[in-house]
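Here is a set of short exercises on reading a protein model, each with a worked solution. Take a look at the structure, try each task yourself, and then follow the steps.

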Amino acid sequence: MTDADGKILSRGRNRIYTKRPLHDHPAGNELAHAEVEALQGFRYGSVDQHTCILYTSTEPCPMCMGTFYMSGLRSLHYAARDPYAGSTNMLGTTWYMSRKPIKVFGPHPALEPVMTAMFVEQELNFHGGKLPESLFWEMYQKALPGGFALGQSLYDQGSLKTMRKSKVDASEVFERLVLPAV
């Protein structure tokens, strides 16, 4: 999360699969989403939250979208859609979800296939090279075929695994993956 000038005010990361909590952050359960962690870590009152921006890698789920809406922030940027649980479409669907002037920016055309590919590659590693058959993965493959195929290719080639082992900086990883994808 940043202020209007881009100064980082708070960060969060997904801790659903983390075994031990870090400081006072929840971990190891379905509530441990990055957006919630970033919004809880923000020092409200330190700056006008209406001018702050939440950046997230993936379109927020219903819980994260609701938490964002309740936070008072007015601007949300996300890199990639979540065809299964993405919930930016909740805005404007009820009287309550229509009353705040929220601006949503996303998905990012260059980052979406890369974010999707990195997610798919990570899950292929986790599942031993074969994703479980499920509506979740069907929706991802149908909605984001380019990113899905790139993720499969990255897994097959082992290129992300090699970059992780070599401790390649995140900006360099994105440079290597985004430029060829554009």
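**Exercise 1. Write down the order of helices and strands, then judge how compact the chain is.**

Step 1. Start at the N terminus of this predicted model and walk along the chain: the elements come in the order α-β-α-β-β-α-α-α-α-α.

Step 2. The radius of gyration is 17 Å, and the globule rule gives 16 Å for 182 residues, so the chain is as compact as a globular protein of that length.

Step 3. Tally the elements: the chain has seven helices and three strands.

Step 4. For the outer dimensions, the C-alpha atoms fill a box of roughly 50 × 35 × 35 Å along the principal axes.

**Exercise 2. Describe the inside and the surface of the chain as a whole.**

Step 1. Begin with burial: 37% of the 182 residues count as buried.

Step 2. Next come the contacts with a separation of 6 or more: 59% of them are between residues 24 or more positions apart.

Step 3. Now the outside: the accessible surface is about 10,800 Å², and carbon and sulfur atoms make up 55% of that.

Step 4. Finish with charge: there are 19 positive and 18 negative side chains, and the centres of these two sets are 4 Å apart.

**Exercise 3. Find the largest nonpolar core and the elements that build it.**

Step 1. A general idea helps here: in soluble globular proteins, nonpolar side chains tend to be buried together.

Step 2. In this chain the largest nonpolar core holds 13 residues, and among those with the most contacts inside it are Met 1, Leu 39, Leu 54 and Phe 68.

Step 3. Which elements give two or more residues to this core? They are α1 and α2, and α2 supplies the largest share, three residues.

Step 4. Look at α1 on its own: this helix covers residues 34–41, and its buried residues are Glu 35, Val 36, Glu 37, Ala 38 and Leu 39. They pack against β1 (53–58) and α2 (62–71).

Step 5. Zoom in on Leu 39: leaving aside neighbours within four places in sequence, its contacts include Met 1, Leu 54, Phe 68 and Leu 73.

Step 6. A second, separate core has nine residues, including Ala 110, Val 114, Leu 160 and Val 178.

**Exercise 4. Decide whether Ser 75, Ser 87 and Tyr 69 are buried or exposed, and list some of their contacts.**

Step 1. The cut-off to use is that buried means under 20% relative accessible area.

Step 2. Ser 75 sits in strand β2 (residues 75–80). Its relative accessibility is 13%, so Ser 75 counts as buried. Beyond four places in sequence, Ser 75 is in contact with residues including Cys 52, Ile 53, Lys 103 and Phe 105.

Step 3. Ser 87 belongs to the loop between β2 and β3 (103–105). With 6% relative accessibility, Ser 87 is also buried by the cut-off. Among its contacts beyond four places in sequence are Glu 59, Pro 60 and Met 65.

Step 4. Tyr 69 is part of helix α2. At 0% relative accessibility, Tyr 69 counts as buried. Its contacts beyond four places in sequence include Leu 91, Tyr 96, Met 97 and Ile 102.

**Exercise 5. Place Arg 81 in the chain and find its partners.**

Step 1. Arg 81 lies in the loop between β2 and β3.

Step 2. Its relative accessibility is 32%, so Arg 81 counts as partly exposed.

Step 3. How far apart in space are the C-alpha atoms of Arg 81 and Tyr 140? They are 9.2 Å apart, with their positions 59 residues apart in sequence.

Step 4. Leaving aside neighbours within four places in sequence, Arg 81 is in contact with residues including Glu 59, Pro 107, Glu 112 and Tyr 140.

**Exercise 6. Spot two unusual features of the backbone.**

Step 1. Recall the general pattern: most residues other than glycine have a negative phi, and most peptide bonds are trans.

Step 2. The peptide bond from Gly 106 to Pro 107 is cis, with omega near -5 degrees. Pro 107 is located in the loop between β3 and α3 (111–126).

Step 3. Lys 167 is not a glycine, yet has a positive phi of about 55 degrees. This residue lies in the loop between α6 (159–165) and α7 (170–181). At 73% relative accessibility, Lys 167 counts as exposed.

Terms used
Residues are numbered from 1 along each chain as its sequence is written. This is a predicted model: local features need pLDDT of at least 70, side-chain atom pairs count only at pLDDT 80 or more; totals for chains, interfaces and linings use all residues. Side-chain values use heavy atoms; hydrogens and water are left out. Helices (H or I, at least four residues) and strands (E, at least two) are DSSP runs, numbered from the N terminus. The radius of gyration is taken over C-alpha atoms; the globule rule is 2.2 Å times the number of residues to the power 0.38. Buried means under 20% relative accessible area, exposed over 50%, partly exposed in between (1.4 Å probe, protein chains only). Contact means heavy atoms within 4.5 Å. Accessible areas come from the Shrake-Rupley method with a 1.4 Å probe; for residues, only the protein chains shown count as cover. Lys and Arg count as positive and Asp and Glu as negative; His and the chain ends are not counted. The place of a charge is taken as NZ of Lys, CZ of Arg, CG of Asp or CD of Glu. A nonpolar core is a set of buried Ala, Val, Leu, Ile, Met, Phe, Trp, Tyr and Cys residues joined through side-chain atoms within 4.5 Å.
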